[in-house]
Amino acid sequence: CPVLLAPVNSSVAMPPPADIVKVAIEWPGAYPKLMEIDQKKPLSSIIKEVCDGWSLANHDQFALQHADSSNFYITEKNRNEIKNGAILRLTTSPAQNAQQLHERIQSSSMDAKLEALKDLANYSRDVTFAQEFINLDGISLLTQMVESGTERYQKLQKIMKPCFGDMLSFTLTAFVELMDHGIVSWDTFSVAFIKKIASYVNKFASDISILQRSLAILESMVLNSHDLYQKVAQEITIGQLIPHLQGTDQEIQTYTIAVINALFLKAPDDKRQEMANILAQKQLRSIILTHVIRAQRAINNEMAHQLYVLQVLTFNLLEDRMMTKMDPQDQAQRDIIFELRRIAFDAESEPNNSSGSIEKRKSMYTRDYKKLGFINHVNPAMDFTQTPPGMLALDNMLYFAKHHQDAYIRIVLENSSREDKHECPFGRSSIELTKMLCEILKVGELPSETCNDFHPMFFTHDRSFEEFFCICIQLLNKTWKEMRATSEDFNKARKRVMQVVKEQIMRALTTKPSSLDQFKSKLQNLSYTEILKIRQSERMNQEDFQSRPILELKEKIQPEILELIKQQRLNRLVEGTCFRKLNSRRRQDKFWYCRLSPNHKVLHYGDLEESPQGEVPHDSLQDKLPVADIKAVVTGKDCPHMKEKGALKQNKEVLELAFSILYDSSGQLNFIAPDKHEYCVWTDGLNALLGKDMLSDLTRNDLDTLLSMEIKLRLLDLENIQIPDAPPPIPKEPSNYDFVYDCN
């Protein structure tokens with residue numbers, strides 16, 4: 001390995017100018033050159049200087065690239081990324097390289113063709129090369145090779161099947177890499193190409209690489225083009241995709257669910273319910289439950305995200321009913337309410353045509369509707385004209401009455417036989433509960449790009465939302481009784497009970513129960529009494545000790561706690577953190593590491609090939625930024641890399657994790673934190689270094705927790721002693737001061 005830094009002649013080493021970067025440059029068959037690159041010079045003049053050093057003519061046909069695994073070309077746009085001590089390579093220019101590969105992949109020699117496609121798949125990751133290859137109409141060449149590949153090489157396929165599989169794999173890889181740069185529109189592809197890609201989902205199911213890339217192409221087509229969605233939907237069926245979920249390769253399963261989600265997401269409104277019915281017929285839910293969720297392996301983040309998206313899209317099918325008002329004149333809808341009354345109050349005693357006048361029948365119906373807990377006893381249909389929850393509430397009530405008939409009748413009769421002031425009106429409660437469940441599950445909202453919060457229990461039943469409602473309506477009735485709520489002022493009672501019920505549901509959901517029965521069991525352990533205990537315990541940590549003496553003690557202790565938090569933040573910065581580099585590709589990770597020196601004077605940072613296992617030493621991080629040079633720390637929309645990346649502006653999650661260090665006149669160090677916790681740690685630590693306040697949510701929480709603990713420790717001796725709200729009164733003056741000792 002060559003020595004990268006030239007010897008210093010003077011006895012005192014002077015720091016190099018900011019625009020000078022010391023690098024080593026390789027050329028095949030020659031010793032690497034040590035060179036200082038002046039970033040103010042045009043890149044073309046630097047390349048000419050390098051070529052002259054090796055006596056190479058036609059310097060315009062050469063370029064510099066990183067000599068690491070990326071092999072990315074250096075351009076005027078990205079030259080600032082060159083680091084001191086970097087190893088570069090002199091190579092053919094992107095245009096010439098693209099031209100050569102364009103010719104090589106059309107070679108009649110199968111070996112040469114295979115090697116060229118392998119190189120193309122590697123080089124296509126670089127946007128500079130990709131632009132040149134696309135300018136040569138390279139995408140069309142690849143699509144033609146895919147469309148005609150099977151027919152042209154049928155004989156070869158029988159004789160040299162592995163060779164053909166590798167050629168197709170590299171071709172599809174290159175295609176995916178080129179399209180990921182967003183240079184070419186997805187709308188330009190033919191039906192023949194789509195048919196061929198769709199056929200690979202079945203034909204090459206045993207070839208993991210071909211299957212994976214084919215699924216990735218189908219997903220991108222559906223997500224990026226409305227016209228292609230319709231063509232793909234005609235070529236690929238759920239039945240063709242389901243077998244890939246029954247395998248053992250989690251990556252293939254992830255891509256398969258991603259395609260299903262894409263078809264689901266882009267389906268027109270009139271086709272979405274139809275697709276949901278197809279999914280139900282193909283037993284997709286039970287297959288995912290068996291082969292993915294309950295498989296004997298951990299679910300990775302990307303799979304969790306796709307399961308979350310599928311969960312959201314499934315619940316979003318309820319949006320139409322949630323936003324549909326009941327038509328009081330629609331007899332079919334009114335019949336649902338009649339059915340609720342009939343199930344609850346015994347159909348045999350119902351007067352049909354044989355006995356009772358119309359007035360008596362109406363009077364009986366009005367009485368029954370009151371027992372059912374509707375607001376409008378004469379015309380209950382009016383209760384379902386508010387959206388949300390609209391007709392969805394009535395659907396839930398009917399499902400509960402039919403599928404859990406005993407529980408339904410018990411709740412209705414139990415409340416209709418209570419004193420009026422203690423009844424839990426089933427109708428009004430069901431409407432309010434349905435609305436609350438829609439808010440909890442965010443029915444109607446588009447899935448987040450980064451969330452992976454799926455609930456396994458919703459994959460255990462074909463009617464999971466309705467079953468969820470049935471469990472929760474029984475919980476509501478139970479909690480109402482435990483709280484002894486009254487319907488004299490239903491709005492106040494409803495609000496109190498609903499707050500408790502929501503808390504019970506949310507606490508049970510956070511445990512991620514694996515089934516609806518387990519969810520029900522969790523709720524049984526979260527009775528109203530238990531909720532009160534939890535609240536009391538939390539208040540002890542957060543809200544108690546609000547008397548004036550305690551507040552004064554808090555004020556005295558707070559500076560010590562803030563200093564402790566500051567030291568913790570700085571210690572974390574000294575340990576360092578691995579950050580992901582900004583990348584439009586969802587499944588390709590690049591990393592860099594940043595950490596603070598132990599004396600808190602310098603930030604050390606540098607690129608990494610992979611996420612490190614443990615701390616990264618200072619000497620392996622070649623770049624430095626003195627803390628004294630930092631001018632400001634900005635976050636969110638104010639970050640330079642958020643302004644530059646238009647697509648990221650729409651990604652709220654990424655925006656909330658972005659922060660930048662500004663230094664010198666235009667220098668910047670841009671970060672995307674791995675999670676909210678690291679974001680708070682770094683923004684707090686950097687602000688502390690600059691002598692500014694730490695304002696993150698994490699600091700507030702830590703301050704509250706540590707203050708509470710410290711106060712409890714200091715008050716241990718005062719246990720069971722009531723602390724007064726006001727200080728004791730000052731005693732009266734004594735009648736004389738004879739007890740005072742006169743020092744004179």
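**A mixed sheet, a pocket and a buried proline**

In this predicted model, strand β1 (residues 20–26) runs alongside strand β4 (residues 87–92), and the two pair in the parallel sense over three bridges. Look across from E26 and there is R89, its opposite number in β4. As a quick reminder, strands of a sheet pair through backbone hydrogen bonds, and they can do this either parallel or antiparallel.

That pair belongs to a wider arrangement. Four strands make up an open sheet, and reading across it gives the order β2-β1-β4-β3, with mixed pairing. The edges are taken by β2 (33–38) and β3 (62–66); each has a single partner strand, so one side of each is left without a neighbour in the sheet. The strands don't lie perfectly in line, either: ignoring direction, neighbouring strands of this sheet are turned by 45 degrees against each other on average.

P94 is a handy residue to look at next. This proline sits in helix α2 (residues 94–104). P94 counts as buried because its relative accessible area is 13%, and buried means under 20%. Which residues does P94 touch, leaving aside those up to four places away in sequence? The contacts are A63, Y73, T128, F129 and E132. One of these, E132, is 38 residues away from P94 along the chain, yet the C-alpha atoms of the two are separated by 6.5 Å.

Now for some empty space. Rolling a probe the size of a water molecule over the atoms shows where such space is left. The second largest pocket found here has a volume of about 970 Å³. Its lining is made up of 38 residues, and the ones closest to the centre are Q273, A276, T314, L317 and D462. Several helices chip in to build this lining: α13 (269–281), α14 (284–293), α15 (301–315), α16 (319–322), α19 (391–403) and α22 (464–483) each supply at least two residues.

Zooming out to the whole chain, there are 30 helices and 11 strands. The chain has 744 residues, and 46% of them count as buried. What about contacts across the sequence? Among contacts between residues at least 6 apart in sequence, 67% join residues at least 24 apart. On the outside, the chain exposes about 39800 Å², with carbon and sulfur atoms supplying 49% of that area.

Terms used: Residues are numbered from 1 along each chain as its sequence is written. This is a predicted model: local features need pLDDT of at least 70, side-chain atom pairs count only at pLDDT 80 or more; totals for chains, interfaces and linings use all residues. Side-chain values use heavy atoms; hydrogens and water are left out. Two strands pair if DSSP finds at least two bridges between them. Axes are lines fitted to C-alpha atoms, for helices over the stretch in contact, and angles run from 0 to 180 degrees between N-to-C directions. Buried means under 20% relative accessible area, exposed over 50%, partly exposed in between (1.4 Å probe, protein chains only). Contact means heavy atoms within 4.5 Å. Accessible areas come from the Shrake-Rupley method with a 1.4 Å probe; for residues, only the protein chains shown count as cover. On a 1 Å grid over the protein atoms alone, a cavity is a set of points where a 1.4 Å probe fits but cannot get out, and a pocket is an open set with protein on both sides within 12 Å along at least five of seven lines; lining residues have an atom within 4 Å of a point. Grid points are joined across faces, edges and corners, and a volume is the space filled by probe spheres set on the points.
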